[in-house]
Amino acid sequence: MLDAFLKILSAEGIVGLYSGLGPGLFGTVATNFSYFYCWSWIRSVYQKKFPNASQSTVVELFLGASAGAMSQFITLPIAVATTRQQTTRNIEKLSFFETMKDIVKEEGLQGLWKGLRASLILCSNPAITYGTFERLKTIWLRRKARLNSKLLTDQISLSSIEVFIIGALSKTLATVITYPYIMAKVKLQWKPPKTLGEKERERMRYNSSLDVLKKVLKSDGFIGWYQGMSAQIVKAVLCQAILFVSKENFAQYTIVLFRLLGDRQRKAANRI
């Protein structure tokens, strides 16, 4: 990870470390919005159909994976173009929309959905993350309730540090489990540089995620499936932990805000 960091810094400067930042931010917003929208919709449908059913970890994983699969069909073209920008040499780099046009020109419209199967498999990543987070959160809250017998479980909340740690552990587990397909997806979506010979470029072209896994296993062994995982874990853990902390705090502030608004309405009603 440090070697790649220094090489990018040396070749492209600080700007190179933020290559594809604009499309990346747009993709993150679009992915999270579509995921949470789909997840909320699927969960509400499930609760309406099975109002008395308990939501176990298995159910949470299934709902999360279904929401992830739906959002992938919407946001994958953004991810493909962003990956292509981030893995292209500086002298060959195009703008975001020019990159999308180039992909369509060379590979057809289906090129924008390259790596779809790997992406659908990776839908289990957020499902594992959120399922693990909810389970660890429940276990930790029960433990805190036992230590403080005066309070009920629903009266106890997690601190920002606790949310950060649980979020980090959840994302690390999900990343370790799914990383071979994360690596396969990136290799499917990138474009070999033009400076390489045709033979070398052909060797680096892949037909499917399984083709990637087979070729990497043959050339680098089992450890090749996990090359670059440390950087992915650092990135994923920081993003997910910050997301969880923000989500938990935002939820608490929203509840407090609604309570204040409710108190004001009651006071106004009493005056009348």
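A residue counts as buried when its relative accessible area is under 20%, as exposed when that area is over 50%, and as partly exposed in between, using a 1.4 Å probe and protein chains only. The structure is a predicted model, so local features need pLDDT of at least 70 and side-chain atom pairs count only at pLDDT 80 or more, while totals for chains, interfaces and linings use all residues. Residues are numbered from 1 along each chain as its sequence is written, and side-chain values use heavy atoms, with hydrogens and water left out.

Start with the overall picture. The protein chain has 11 helices and zero strands, where helices (H or I, at least four residues) and strands (E, at least two) are DSSP runs numbered from the N terminus. Of its 272 residues, 36% count as buried. Contact here means heavy atoms within 4.5 Å. Among contacts in the protein chain with a separation of 6 or more, 71% are made by residues 24 or more positions apart.

Now for a pair of helices. Two packed helices are described by the angle between their axes and the distance between the axes. Axes are lines fitted to C-alpha atoms, for helices over the stretch in contact, and angles run from 0 to 180 degrees between N-to-C directions. Helix H7 (residues 124-147) packs against helix H8 (residues 160-189) at an angle of about 150°, and their axes are 8 Å apart. That makes H7 roughly antiparallel to H8, a label for angles over 145 degrees (under 35 is roughly parallel, 65 to 115 roughly perpendicular and the rest oblique). In the contact of H7 with H8 there are 11 nonpolar residues, eight polar and four charged. For this split, Ala, Val, Leu, Ile, Met, Phe, Trp, Tyr, Cys and Pro count as nonpolar, Asp, Glu, Lys and Arg as charged, and the others, Gly among them, as polar.

What about charges that pair up? A salt bridge is a side-chain nitrogen of Lys or Arg within 4 Å of a carboxyl oxygen of Asp or Glu, and by this rule the count comes to four. One of them joins the side chains of Glu107 and Arg84, at 3.0 Å from N to O. Glu107 lies in helix H5 (residues 96-107) and Arg84 in helix H4 (residues 57-86), so this pair ties together parts that are 23 residues apart in sequence. Arg84 is buried, with a relative accessible area of 4%, whereas Glu107 is partly exposed at 23%. Leaving aside residues up to four places away in sequence, Arg84 touches Thr99, Ile103, Glu107, Gln189, Trp190 and Lys191.

Glu107 has another partner too: Lys114, with the closest N and O atoms 3.4 Å apart. Lys114 counts as partly exposed, at 25% relative accessibility. Put together, Arg84, Glu107 and Lys114 are linked in a network of salt bridges.

Further along the chain, the side chains of Asp211 and Lys215 meet in a salt bridge of 3.5 Å, N to O. These two residues are four apart in helix H10 (residues 209-220), so about one helical turn separates them. Asp211 counts as buried at 16% relative accessibility, while Lys215 is partly exposed, with a relative accessible area of 31%.
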